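Reader: I would love a close look at one part of this model, the place where the two chains come together and what lies around it. Could you walk me through it slowly, as you would at the bench?

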Amino acid sequence: MKLALGPILYYWDRDTMFKFYDEVAASPVDIVYIGETVCSRRYLLRLQDYLSVAEKLAEAGKEVVLSTQTLIESESDLKTLRKIAGNEKFKVEANDMGAVRLVANKIPFVAGSTLNVYNPQTLDMLIGMGASRWVMPVEMSRETLVSLLGSCQPGIETEVFAYGRLPLAFSARCFTARHHNLQKDDCQFRCLDYKDGLTLKTREGQPFLNLNGIQTQSALVHNLIGELDSLQSAGVDVVRVSPQGEHTIQILQLFRDCMEQRLSAEQALEQIGKLMPEASCNGYWHGKPGLEFIRSSNSSRVAA
Amino acid sequence: MRPDTTRKMDLVCPAGSLPALKTAIDNGADCVYMGFRDDTNARNFAGLNFDLANAKEGVRYAHAKGKKVLLALNTFPQASGWQRWTKAIDNAADIGIDAVILADPGLMQYAIKNHPNLRLHLSVQGSATNHEAINFYHEMFGIQRAVLPRVLALAQVEQLMEHTPVEIELFGFGGLCVMVEGRCSLSSYATGESPNTCGVCSPPKAVRWQQTAKGLESRLNGILIDRYSEDENAGYPTLCKGRFDVSGETYYAIEEPTSLNTLELLPELMRLGISAIKIEGRQRSPAYVGQVTKVWREAMDSCYRSPQAYSVKPAWMADLGSISEGQQHTLGAYYRPWK
């Protein structure tokens, strides 16, 4: 299996982003997805900046993929999308059918998880259009994945979101701006203050969701580091780690160590626990509510 | 593309049951939409929807009055249950459904291959918010209408319509999804079941009510969604409409329990050349459907008679207000500052 780093879902300042990608270039990751996928108002890195980051990462031997914005609303969103689709050097992760239309039968592309591929018929269609990899929907279980892969055409890589706060929903509304009683058009870029998003708790203090601008994430960290054997035997080719405010490079290293069997699943789970902004969940992979955590060695549920 | 503004907008009303279907048609719906009694549609609730015999009777009733019936098959078939969805398409074609409302590309492909004359609408669950996406479905599958997710401001709707030949249907009234439809897994995160996979959001079987010393609590799979004091009206615990704590402040962090109501936008929707206005609420009672349909029929007729003189009558608002969720209304994303 290959190790991938997803796009940064948060809004970090320019220097932090460049520094981060310098570290990524030296990290044990195979594939790096870059680009703004959440909000078009986040302007500190423009496409040109991402392309120069892409060049550096490619020079360091990484496979670079440009990820497109998930919610495309305006002509200016489309303008950026067309530029990404028209780039002649890097593969594109299409996160909306509008993006698929622009890259289909032109360049090999990655079908992003928000394209909602739930059955082999839809996956076969995307393979026919030139998809070389697809990312399964975050809510899909291992069992469903196995059944899907059992009846689709061969020749496409399967990627799974394996670590990070789950991107669960997208909205026209910005919940970070709302928290500050601001309108989205005048958000004052408050997302810059939250390198890991803004945790939403229930009124009895249970961390439930995580507000990240127009995106709503899980508060718990979806973590499949203890499930790498299960991923591999299900036919997964690529596992994705989603960047977080701190320790991302160490987390990539732990995944790598575990994939190369320098660490057991138990050891990796224990070590990664110290690097996480919140407790683990992995229910989706087991066909359960996403927020549950199932310890797979003995299948007994434990508190997250 | 220049939209056809000479054609009148269809009023598309929800039919969760045969009585609701008949009531909608009797009160002035141009079209009704329904689902079969399983997870092939996004309102998969116990006691709701149509078996084949009821669906046939619904189509007969509507067609006898010159009205249309649309069938929502707008969940994403899972690999293991594929035949349930294709059978539903076959049944829809057999009983003379006027159009099927689909979200899944694989299923669209099945439909055009096996039933080339069946009219296809792109469901709101297809998450198409831009003309490139809509034109994708048009070119690939010949979809003739797209229902837009409730995320675009009206100016964005207008811009989108300039670049597509596909008819546009907008939500006009009813429950308000704050998230892009088809791209929300909040419900499965909390309960294991989502609109995409199971046709449900915040499913009733996961709901618990509990009277406590702190007030009446509503829970979803054990998660506290809201807590009400004695002077507050308790609402259904849809998980994005609860009160939560963010940085020590407790409020409706995602959305208040409001309903969408766009009556005041009617002249503008007419000018834009919108093809149809959809009323949400297949889970509602026939009485609700009848009331909403009646008000909207009156309003649309009034607007067509004289768009310049059109204004929202207080009596309409009073009628709608009395039956709406939380009894509050919003223009949602159509009104940009809502965002």
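**A strand with partners in both chains**

Author: Happy to. A:Ala169 stands opposite B:Cys184, a residue of strand S8 in chain B. Please keep in mind that what you see is a predicted model. That residue pair belongs to an antiparallel pairing across the chains, in which strand S7 of chain A (residues 157-171) and strand S8 of chain B (residues 179-184) are joined by two bridges.

Let us stay with S7(A) and follow its partners inside chain A. Strand S6 of chain A, residues 131-135, runs parallel to S7(A), and three bridges hold this pairing. To find it on your screen, look for A:Trp134, which faces A:Thr158 of S7(A). Strand S11 of chain A, residues 238-241, is also a parallel partner of S7(A), this time over four bridges. Here A:Val160 has A:Val239 of S11(A) as its bridge partner. Strand S10 of chain A, residues 215-223, pairs with S7(A) in the antiparallel sense, and six bridges connect the two. In that pairing A:Gly164 sits across from A:His222 of S10(A). In general, strands of a sheet pair through backbone hydrogen bonds, either parallel or antiparallel.

How covered is S7(A)? Mostly: of its 15 residues, 14 are buried.

Now step back to the contact between the chains. Chain A puts 54 residues into it, and chain B puts in 56. Sorted by class, the face of chain A that touches chain B holds 24 nonpolar residues, 18 polar ones and 12 charged ones.

From here, cross over to chain B. It has 11 helices and 16 strands, and 54% of its 339 residues count as buried. Its C-alpha atoms fit in a box of roughly 60 × 55 × 40 Å along the principal axes. The radius of gyration is 20 Å, which agrees with the value near 20 Å that a compact globule of 339 residues would have. Looking at contacts between residues at least 6 apart in the sequence of chain B, 63% link residues at least 24 apart.

Chain B also has an open sheet that is easy to trace, made of three strands in the order S9-S10-S11 with antiparallel pairing. Strands S9 (207-212) and S11 (223-228) of chain B are at the edges with a single partner strand each, so one side of each has no neighbour in the sheet. On average, and with direction ignored, neighbouring strands here are turned by 25 degrees against each other. Between S9(B) and S10(B), the latter covering residues 215-220, there are six bridges, and the two run antiparallel. One place to check this is B:Gln210, whose bridge partner in S10(B) is B:Glu217.

Back in chain A, two helices deserve a look. The axes of helix H9 (residues 248-259) and helix H10 (residues 265-273) of chain A come within 10 Å and cross at roughly 175 degrees. An angle over 145 degrees counts as roughly antiparallel, and H9(A) and H10(A) are therefore described that way. On the H9(A) side, the touching residues are A:Ile251, A:Leu254, A:Asp257 and A:Cys258, and they meet A:Ala265, A:Ala268, A:Gln271 and A:Ile272 of H10(A). By class, six of these contact residues are nonpolar, one is polar and one is charged.

The loop between H9 and H10 of chain A holds A:Gln261. Its phi is near 60 degrees, a positive value in a residue other than glycine. Most residues other than glycine have a negative phi. Is A:Gln261 buried or exposed? A:Gln261 counts as exposed, because it has 9 C-beta neighbours inside 10 Å and the cut-off for exposed is 12 or fewer.

A:Asn181 has a positive phi too, near 55 degrees, and is likewise a residue other than glycine. You will find A:Asn181 in the loop between helix H7 (175-179) and strand S8 (198-201) of chain A. A:Asn181 is exposed, with 7 other C-beta atoms within 10 Å.

To return to where we began, S7(A) has 14 of its 15 residues buried and is joined by two bridges to S8(B) in the other chain.

Conventions
Residues numbered from 1 in each chain as written. Chains lettered and ligands numbered in written order. Predicted model: local features only at pLDDT ≥ 70, side-chain atom pairs only at ≥ 80, totals over all residues. Pairing = 2+ DSSP bridges. Axes fitted to C-alpha atoms, helices over the stretch in contact; angles between N-to-C directions. Parallel < 35°, antiparallel > 145°, perpendicular 65-115°, else oblique. Contact = placed C-beta atoms within 7 Å. Nonpolar A, V, L, I, M, F, W, Y, C, P; charged D, E, K, R; others polar. Rg over C-alpha atoms; globule rule 2.2 N^0.38 Å. Buried ≥ 20, exposed ≤ 12 C-beta atoms within 10 Å, placed from the backbone.
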